[in-house]
Amino acid sequence: MARFIDHLRSQADLRLFSATRRAPVRNSAAADHRRHSLWRKENMMESKINPHEVSLEGIGSMPDEYRDTLIHQLLANGEGELSAGDTYIDSFYPLAPDADERYICAQFAAEEVDHFRRFSRLLAELEVDTSHMLSQKKEERRYFAAESMTMEFRSWEERAAFSFLCELEGHYQIKEMVGSSYLPLRAEAQAVLKEEARHFSHGALLMRRAAKDKDARARAQEALDRLYPMAMDMFGRSDSRRSETAVKWGLRQYTNGQLRDLYRDDVLGHIQRLGYEVPDEMACRKYF
């Protein structure tokens, strides 16, 4: 990007140099105006390539690529939050071993749906309707078609592994938006981030409890082995052009592959500290 900006500057300097050599400048005011025009064009181009703060009112002046990338980001994450809320109710609530855990499943489900509401409001401001998602089954949703949301959960330890692995993945995704170039997204992402962190922490607590019992520990290890590759897949393809475009426009800091690498380094430490074996991440992977 820096090379591209330098190229623009060198081309502007070359045009200015050529123009001043072709004919003597008789009007210094005209020459100053020409220089200022070139400077404005160059800096307008740079500000569009590296936007730092884009408001709702200012998005109309941004290229279509910026708006399209932002909308897809909001749709994918909003859909993922809704599917997570559904999973806490239809899969985890019936597996809960006591009233306290049922309460927590219901609470987490409500928070995940609220996250969906937040993304939906942002999209509504951009004239994008998400109401159809509410009537869709999880398997029908395509913006965030994660296998970890649609699999059949067979044990409470799989619920623990889901929150431990997949809520941490969600935390990494939402953290990307806290510094988004789109200002309305920043505050919403900050609020969501705190709750995602709490969901992960409870998953880690459940995994720690499971490690104290021989049979539960074996089920928890099996759950890790099953869900870990799915969690890695939740980041999408490493060669995704859309993720590169999002980085270019300041809508996120890292590409899919870079963010997956950061997550891997973090989650492996958590797994080892809890005393579990690190699963084979290549088993049954779909995206690399």
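Me: Which residues does Glu111 contact, leaving aside its neighbours within four places in sequence?

Reply: In this predicted model, Glu111 is in contact with Glu195, Arg198 and His199. Contact here means heavy atoms within 4.5 Å.

Me: And where is Glu111 found? What makes it count as buried?

Reply: Glu111 is found in helix H4, residues 99-125. Its relative accessible area is 11%, and buried means under 20%, so Glu111 gets that label.

Me: Why are H4 and H6 called roughly parallel to each other?

Reply: Look at the angle: their axes cross at roughly 25°. Angles under 35 degrees count as roughly parallel, so that's the name for this pair. The axes come within 14 Å, and the crossing is left-handed.

Me: Okay, which residues make that contact?

Reply: On the H4 side you'll find Glu101, Ile104, Cys105, Phe108, Glu112 and Phe119. H6 brings Trp156, Arg159, Glu167, Ile174 and Met177. By class, they divide into seven nonpolar, no polar and four charged.

Me: What makes H6 largely enclosed by the rest of the structure?

Reply: Just count: 21 of its 23 residues are buried, so H6 is largely enclosed. This helix covers residues 156-178.

Me: How does the reach of H6 fit with what's expected at 1.5 Å a residue?

Reply: From its first C-alpha to its last, H6 reaches 32 Å, and 33 Å is expected, so the two values are close.

Me: Now H10. Why are H6 and H10 called oblique to each other?

Reply: Their axes cross at roughly 140°. To count as roughly antiparallel, the angle would have to be over 145, and roughly perpendicular covers 65 to 115. Roughly 140° fits neither, nor is it under 35, so the pair is oblique. H6 passes H10 in a right-handed crossing.

Me: Which residues make the contact between H6 and H10?

Reply: From H6, they are Phe164, Leu165, Leu168, Glu169, Tyr172, Gln173 and Glu176. From H10, they are Leu259, Leu262, Tyr263, Asp266, Val267, His270 and Ile271. That gives nine nonpolar, two polar and three charged residues.

Me: How do you know that Phe200 is buried?

Reply: Same reasoning as before: a relative accessible area of 11% is set against the cut-off of under 20%, so Phe200 is buried. Phe200 lies in helix H7, residues 183-210.

Me: What does Phe200 touch, not counting residues up to four places away in sequence?

Reply: Phe200 touches Ser163, Phe164, Glu167, Leu168 and His270. Phe164 is 36 residues apart from Phe200 along the chain, yet their C-alpha atoms are separated by 5.0 Å.

Terms used: Residues are numbered from 1 along each chain as its sequence is written. This is a predicted model: local features need pLDDT of at least 70, side-chain atom pairs count only at pLDDT 80 or more; totals for chains, interfaces and linings use all residues. Side-chain values use heavy atoms; hydrogens and water are left out. Helices (H or I, at least four residues) and strands (E, at least two) are DSSP runs, numbered from the N terminus. Buried means under 20% relative accessible area, exposed over 50%, partly exposed in between (1.4 Å probe, protein chains only). Axes are lines fitted to C-alpha atoms, for helices over the stretch in contact, and angles run from 0 to 180 degrees between N-to-C directions. A crossing is left-handed if the near helix is turned anticlockwise from the far one by less than a right angle, and right-handed if clockwise. Ala, Val, Leu, Ile, Met, Phe, Trp, Tyr, Cys and Pro count as nonpolar, Asp, Glu, Lys and Arg as charged, and the others, Gly among them, as polar.
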